[in-house]
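Student: Got a minute to walk through this one with me? I'd like to go strand by strand, then look at the odd spots.

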Amino acid sequence: MTVDALTDVTGVRVGHATRTGDGWLTGTTVVLAPPGGSVVAVDVRGGGPGTKETDALDTRNLVQRIDAIVLTGGSAYGLDAASGVMAWLEEQGRGVPVGPDPAQVVPVVPAAAVFDLGRGGDFRARPDAATGRAAVEAAAASEPGARVSEGCVGAGTGAAVGPMKGGVGTASTVLDSGITVAALVVANAAGSVTDPETGVLYGELFEGRVTYPEPAVHKAARRRLAESAAKGAPLPLNTTLAVVATDADLSRAQAQKLAGTAHDGIARAVRPVHLLHDGDTVFALATGGRPLAEHPLALNEILAAGADLVTRAIVRAVRAAESVDGPAGSWPSYEELYPAGR
């Protein structure tokens, strides 16, 4: 049984830590690899990334397997969340062995942050090591193949897509080969996810399953967005993050290619992308549970699926988001602007 989420990749778990109220609107999401770690790669295309330990994923460098990936709010400050994940992994004896004692390990925890500073009203309310620890503990406590909460949770709590509310979304598929590919996205884009002429989500146009809003609904939505912007437009400092996972046995170079092509999924759902004030970053994770066919083009179906799933995950993130109207601004949700039956 699948749940159409990143956790459909056997052994992968997801945990969220969410902080709201009293100036908070942020959080952290942790993707926990199976015991023994997984092959992980990264591709950074935004011009303003906030990242940690991404150099360790370079195929020329030492570390072969990774135990966890951190996606977090709080911009560069929020990268402190990775410290809490490192501490938890060390307690479990998970990490790169560096001494004769099995407890002597250094967990390498790649992390990337979205910009959500001040969106809850307090600029200093941002994730820290305790937030990261709470997220990884939630991941570890979850059942195998558990459903993953979407919308305004974890790293998507304070996310925004243009003038609308963003969030976390996830999706998966099983290929004809039996290989599972899945994606989890934090949609927090400076660009727009909707066609300005119709209000249709770009991602749904790509998927070919479009229901066009009534013109009057679209006009009312544009008016509402203009009113929200008039309350005080937030700084266009954003980032879309994604983790694409598969149970295929990929090399580090193949995982690197998957991370790169998955960015196409962002470009189909967000316009424009990869700007100087974005930090768009995609991680690829391969657990190695299923062999990849030896044909040199066998990777292609995984590459194509990864990009498609990132697009679908962005759509789900936007549709799952809930409106926020707080001291720092107003971000209406897509579902409020374009209600079902429109």
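Student: Which residue of β5 is the bridge partner of Val 30?
Tutor: Val 70 is the partner of Val 30. Keep in mind that this is a predicted model.

Student: How do β2 and β5 pair, and over how many bridges?
Tutor: They pair in the antiparallel sense, over five bridges. β5 covers residues 68–72.

Student: And which residue in β8 does Val 70 pair with?
Tutor: Ala 111 is the bridge partner of Val 70 in β8. Val 70 is thus named in two pairs, with Val 30 and with Ala 111.

Student: What is the sense of the pairing between β5 and β8?
Tutor: Parallel, over three bridges. β8 is residues 111–113.

Student: Back to β2. What sits on its β1 side?
Tutor: β1, residues 13–21, runs antiparallel to β2 and is joined to it by nine bridges. Two of the pairs are Thr 20 with Leu 25 and Ala 17 with Thr 28.

Student: How many residues lie between β1 and β2?
Tutor: Two, and the strands form a hairpin. Asp 22 is in that turn, with a positive phi of about 55 degrees.

Student: Is β2 mostly buried or exposed?
Tutor: Buried. Nine of its nine residues, 24–32, are buried, so the strand is largely enclosed by the rest of the structure.

Student: What's the strand order in the whole sheet?
Tutor: β1-β2-β5-β8-β4. The sheet is open, has five strands and shows mixed pairing. The antiparallel part includes β2 with β5, and the parallel part includes β5 with β8.

Student: Which strands are at the edges?
Tutor: β1 and β4, each pairing on one side only. β4 is residues 51–52.

Student: Which strands does helix α1 lie across?
Tutor: β2, β4, β5 and β8. The helix is residues 81–91 and runs at about 155 degrees to β5.
Tutor: Helix α2, residues 129–141, also packs on the sheet. α2 touches β1 and β2, and its direction makes about 140 degrees with that of β1.

Student: New topic. What about β11 and β12?
Tutor: Eight bridges join β11 (167–174) to β12 (180–187), and the two run antiparallel. One of the pairs is Gly 167 with Ala 187.

Student: How many residues separate the strands in that hairpin?
Tutor: Five. Gly 178 there takes a positive phi near 90 degrees.

Student: Is β11 buried like β2?
Tutor: Largely. Six of its eight residues are buried, so β11 is largely enclosed by the rest of the structure.

Student: Now helices. At what angle do α5 and α6 cross?
Tutor: Roughly 40 degrees, with the axes coming within 7 Å. That makes α5 oblique to α6. The crossing is right-handed.

Student: Which residues make the contact?
Tutor: From α5, they include Leu 258, Thr 261, Ala 262 and Ile 266. From α6, they include Ile 302, Leu 303, Val 310 and Ile 314. By class, the contact has nine nonpolar, four polar and four charged residues.

Student: Now the odd spots. Where is the cis peptide bond?
Tutor: From Arg 271 to Pro 272, with omega near -10 degrees. Pro 272 lies in the loop between α5 and β14.

Student: Why point that out?
Tutor: Because most peptide bonds are trans. Most residues other than glycine also have a negative phi.

Student: Which residues break the phi habit?
Tutor: His 274 is one of them: its phi is positive, about 60 degrees, although it is not a glycine. His 274 is in the loop between α5 and β14. At 24% relative accessibility, it counts as partly exposed.
Tutor: Asp 4 has a positive phi too, near 55 degrees. Asp 4 is in the segment before β1 and is partly exposed, at 23% relative accessible area.

Student: What is Arg 45 in contact with, outside its sequence neighbours within four places?
Tutor: Gly 260, His 263, His 274 and Asp 280. Arg 45 sits in the loop between β3 and β4. Its relative accessible area is 37%, so it is partly exposed.

Student: How far apart are the C-alpha atoms of Arg 45 and Leu 276?
Tutor: 9.4 Å, for residues 231 apart along the chain.

Methods
Residues numbered from 1 in each chain as written. Predicted model: local features only at pLDDT ≥ 70, side-chain atom pairs only at ≥ 80, totals over all residues. Heavy atoms only, no water. Buried < 20%, exposed > 50% of the residue type's maximum accessible area, 1.4 Å probe, protein only. Helix = DSSP H or I, 4+ residues; strand = E, 2+ residues; numbered from the N terminus. Pairing = 2+ DSSP bridges. Axes fitted to C-alpha atoms, helices over the stretch in contact; angles between N-to-C directions. Parallel < 35°, antiparallel > 145°, perpendicular 65-115°, else oblique. Left-handed = near helix turned anticlockwise from the far one by under 90°. Contact = heavy atoms within 4.5 Å. Nonpolar A, V, L, I, M, F, W, Y, C, P; charged D, E, K, R; others polar.
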